Amino acid sequence: MAARVLLTGGTGYIGSHTYVALVEAGYHVVLLDDFSNSSPDVLNQLEIITGVPTRFHRADVSDANAIRPIFAAYDFDAVVHCAARKSVPQSLARPKMFFDANIASLLALMRVMAGHGVKTMVYSSSATVYGQPESLPIPEHAPLSYTSPYGLSKIMGEQFLNQQVRTSAGWVVGTLRYFNPAGAHPSALIGEAPVHDGGNLMPLIAKVARGVVPALDIYGHDYGTPDGTGIRDYVHVCDLAQGHVQSLDRLLRHRRSHTLNLGRGSGYSVLEVVKAYEAASGCRIPYRLLPRRPGDVAASFADPTMAARVIGFCATRDLHDMCRSSWAWETARQSDLQGALISPPYRPLGLIAAAPSVIVTPIARPS
Ligand code: UFG
């Protein structure tokens with residue numbers, strides 16, 4: 001029988017793409033989100049893409065009383081925990097909010113999971129746990145450090161989970177350290193659409209390409225990199241989503257925990273991303289060179305060998321695919337906002353032919 005999975009942060013950028021990959025892999029998935037950084041519209045899009053009615057609950061993961069009844073209603077085999085805040089600049093401005101969102105919610109979730117005998121989790125971590133890397137590419141055994149409260153929250157999250165695995169029989173965790181997710185689903189129906197600007201490069205470049213803002217601010221042009229701008233390991237969000245499926249498959253089959261880098265193993269500078277986006281969109285991206293941004297590192301890219309060996313992870317889509325799919329999503333979204341019909345080239349294989357209806361199952365909160 002297919003495993004039942006709770007996916008937190010399910011309407012967010014990573015969560016929505018992971019949902020599609022999990023459903024396509026045959027998992028029964030229940031989505032949880034509080035729409036603090038996503039839109040309810042995503043639920044309709046997920047039905048169109050997968051052809052499967054969406055099971056969704058609106059709740060804040062840190063509210064144990066709200067999520068307990070959801071665990072009581074379904075017999076979950078595992079949780080994929082994507083719900084978190086992730087913006088480095090926001091975490092520097094409001095550290096407490098980050099600890100509440102990333103740590104309090106993880107602890108509440110672990111408590112409720114333990115209470116319902118659910119002991120399998122795929123955890124969204126981040127390359128931010130490597131702080132200022134000592135050498136490149138970065139292997140999983142590299143020392144951990146942080147340059148922002150966000151980074152600290154992810155290190156603490158990993159450590160709570162390691163402790164749980166060591167001290168509680170039966171717990172297994174797949175910790176996935178994402179590098180820089182980019183791009184969108186080939187349907188152009190879902191993509192990166194943060195409610196709050198997280199300061200990430202690709203959505204900001206897209207805004208410049210669309211003419212919403214006049215120029216991109218490039219933070220730092222005096223790093224010790226070939227063109228002086230920061231280098232990151234951009235990885236297509238659909239490759240990342242597949243990594244979650246592979247991690248979960250392995251946890252459920254082998255009952256052994258793992259901590260893995262999800263990246264491509266090579267980096268691109270900010271200026272290289274700008275050029276690739278210009279090529280994909282046909283739009284010019286004007287930019288201004290500004291001083292470095294607090295909390296940023298010069299260069300970061302993964303050693304992905306362990307992820308390939310342990311779960312068979314292999315990122316197949318390149319920077320061009322990321323820019324092209326991001327631009328397709330941005331233009332489709334813009335047409336939608338302007339009231340035009342979206343006619344993506346993608347055709348869902350699922351069963352839903354007519355307009356989808358989202359199933360929002362009400363779960364009574366205990367009084
Ligand atoms: N950048 C600019 N201008 C911008 C935004 C970004 O020049 O307006 C530059 C940054 O300085 C950096 C690069 O683009 O060199 C990438 O910046 P992002 O904000 O897109 O990504 P970060 O590497 O700072 O952070 C991302 C995620 C984090 C995660 C980290 C892991 O946002 O959640 O990758 O490496 F922790």
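**Exercise 1. The ligand shell**

How many residues surround the ligand, and which are the closest?

*Solution.* Work on the predicted model.

Step 1. Count the shell. The ligand is surrounded by 20 residues. Ser126, Asn200, Asp217, Arg232 and Asp296 are the closest.

Step 2. Sort the shell by class. Nine residues are nonpolar, six are polar and five are charged.

Step 3. Assign the shell to elements. Helix H7 (201-209) and strand E8 (216-219) each contribute at least two residues. E8 gives the most, with four residues.

**Exercise 2. Polar contacts of the ligand**

Find which ligand atoms pair with Leu201, Asp217 and Asp296.

*Solution.* A polar contact needs a pair of N or O atoms within 3.5 Å.

Step 1. Take the backbone pairs. A ligand oxygen lies 2.7 Å from a polar backbone atom of Leu201. A ligand nitrogen lies 2.7 Å from a polar backbone atom of Asp217.

Step 2. Take the side-chain pair. An oxygen of the ligand is 2.5 Å from an N or O atom in the Asp296 side chain.

Step 3. Check the cover. On its own the ligand has 680 Å² of accessible area, and the protein covers 93% of this.

**Exercise 3. Cysteines without a partner**

Explain why Cys82 has no disulfide bond to Cys238, and decide whether Cys82 is buried or exposed.

*Solution.* Step 1. Recall the bond. A disulfide joins the sulfur atoms of two cysteines covalently.

Step 2. Search the whole structure. The number of disulfides found is zero.

Step 3. Check the distance for Cys82. The closest cysteine sulfur, in Cys238, is 14 Å from the sulfur of Cys82, so the gap is too far for a bond. The cut-off for a disulfide is 2.5 Å between sulfur atoms.

Step 4. Check the setting of Cys82. Its relative accessible area is 13%, so Cys82 is buried.

Step 5. Turn to Cys314. Cys314 is in no disulfide either, and its nearest cysteine sulfur, that of Cys238, is 14 Å away. With 54% relative accessibility, Cys314 counts as exposed.

**Exercise 4. Helix H8**

Compare the span of H8 with the expected value, then list its buried residues.

*Solution.* Step 1. Get the length. H8 covers residues 237-254, which is 18 residues.

Step 2. Compare spans. From first C-alpha to last, H8 reaches 26 Å, close to the 26 Å expected at 1.5 Å a residue.

Step 3. Look at burial. The buried residues of H8 are Val237, Cys238, Asp239, Leu240, Ala241, Gly243, His244, Val245, Gln246, Ser247, Leu248 and Leu251.

Step 4. Look past the end. Arg255 follows H8 and has a positive phi, near 50°.

Methods. Residues numbered from 1 in each chain as written. Predicted model: local features only at pLDDT ≥ 70, side-chain atom pairs only at ≥ 80, totals over all residues. Heavy atoms only, no water. Expected span 1.5 Å × (residues − 1). Buried < 20%, exposed > 50% of the residue type's maximum accessible area, 1.4 Å probe, protein only. Near = heavy atom within 4 Å. Polar contact = N/O pair within 3.5 Å; in protein donor to acceptor, adjacent residues only side chain to side chain. Areas by Shrake-Rupley, 256 points an atom, 1.4 Å probe, with all protein chains shown as cover. Nonpolar A, V, L, I, M, F, W, Y, C, P; charged D, E, K, R; others polar.
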